[in-house]
Amino acid sequence: MERQLIEFNSRDELLRLDVQRIVYFEADGNYSYIVTCNKLKGAVCMNLGQVEDVLANRLKERKSIFARIGKKYIVNLNYVYKINPLKKQLILTDFTNFAYQLEISREALKTLKELMVKMKI
């Protein structure tokens, strides 16, 4: 599969990322953190809604690999390993190099689970 790069440009820095290597985005007020497969964590001066807009505009049809989960996260669906609404737990992994455990609301995880079943991912 051909690499697709996405850029986040600010006054002070430029982040260039391979879309497939982004594991998740995490909101922190007016900033969003981008976490990658190799455990790098970069910050961009955008709220999560603005990140969603950037993904939609730049990735077009490939934006469907990302899903907004609640108020705090956008996750790469390719890395979803375990969804446990009762424990409010989402685990993202590539089965080799990393495993991230996120705490997310039951409602958001139920919605994600339904989406994954519907999309047959």
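**Exercise 1. State the strand order of the open sheet of three strands, and say which strands stand at its edges.**

Step 1. Three strands make up this open sheet, ordered β8-β9-β10, and they pair in the antiparallel sense. Strands here are DSSP runs (E, at least two residues) and helices are DSSP runs (H or I, at least four residues), both numbered from the N terminus. Two strands pair if DSSP finds at least two bridges between them.

Step 2. The edge positions belong to β8 (80–84) and β10; each has a single partner strand, so one side of each has no neighbour in the sheet.

Step 3. On average, neighbouring strands of this sheet are turned by 15° against each other, direction ignored. For such angles, axes are lines fitted to C-alpha atoms, for helices over the stretch in contact, and angles run from 0 to 180 degrees between N-to-C directions.

Step 4. The antiparallel strands β8 and β9 are joined by four bridges, and K82 stands opposite I91 in β9.

The basis of these values is as follows. The model is predicted, local features need pLDDT of at least 70, side-chain atom pairs count only at pLDDT 80 or more, and totals for chains, interfaces and linings use all residues. Residues are numbered from 1 along each chain as its sequence is written, and side-chain values use heavy atoms, with hydrogens and water left out.

**Exercise 2. Work through the open sheet of five strands: its order, its edges and its pairings.**

Step 1. The order is β5-β4-β3-β7-β6, with antiparallel pairing.

Step 2. β5 and β6 (66–69) are the edge strands; each has a single partner strand, so one side of each is left without a neighbour in the sheet. From one strand to the next, the twist averages 20°.

Step 3. Take the β5 end. β4 and β5 pair over four antiparallel bridges, and the bridge partner of V35 in β5 is K41.

Step 4. Move on to β3 (residues 22–28) and β4 (residues 31–36), which pair in the antiparallel sense over six bridges. Here Y24 stands opposite V35 in β4.

Step 5. At the other end, four antiparallel bridges pair β6 with β7 (residues 73–76), and R68 stands opposite I74 in β7.

**Exercise 3. Find the residues with positive phi in the turns and loops, and give the exposure of K39 and F95.**

Step 1. β3 and β4 form a hairpin with two residues between them, and G29 in its turn has a positive phi of about 65°.

Step 2. The hairpin of β4 and β5 has four residues between the strands. K39 lies in this loop and has a positive phi of about 70° although K39 is not a glycine. K39 is exposed, with a relative accessible area of 55%. Buried means under 20% relative accessible area, exposed over 50%, and partly exposed in between (1.4 Å probe, protein chains only).

Step 3. In the loop between β9 and β10 lies F95, another residue other than glycine with a positive phi, near 70°. F95 counts as exposed at 63% relative accessibility.

**Exercise 4. Describe the largest nonpolar core and the elements that supply it.**

Step 1. A nonpolar core is a set of buried Ala, Val, Leu, Ile, Met, Phe, Trp, Tyr and Cys residues joined through side-chain atoms within 4.5 Å.

Step 2. The largest one has 21 residues, of which Y24, V75, L90 and L92 touch the most other members.

Step 3. At least two residues of this core come from each of β3, β6, β7, β9 (89–93), β10 (99–103) and α2 (106–119). The most, four residues, come from α2.

**Exercise 5. Characterise the largest pocket by volume, lining and residue classes.**

Step 1. A pocket is an open set of points on a 1 Å grid over the protein atoms alone, where a 1.4 Å probe fits, with protein on both sides within 12 Å along at least five of seven lines; lining residues have an atom within 4 Å of a point.

Step 2. The largest pocket holds about 190 Å³ of space. Grid points are joined across faces, edges and corners, and the volume is the space filled by probe spheres set on the points.

Step 3. Its lining consists of F8, N9, S10, R11, D12, E13, L15, Y31, A43, V44, C45 and M46. β1 (5–9) and β5 (41–44) are the elements that give two or more residues to this lining.

Step 4. By class, the lining has seven nonpolar, two polar and three charged residues. Ala, Val, Leu, Ile, Met, Phe, Trp, Tyr, Cys and Pro count as nonpolar, Asp, Glu, Lys and Arg as charged, and the others, Gly among them, as polar.
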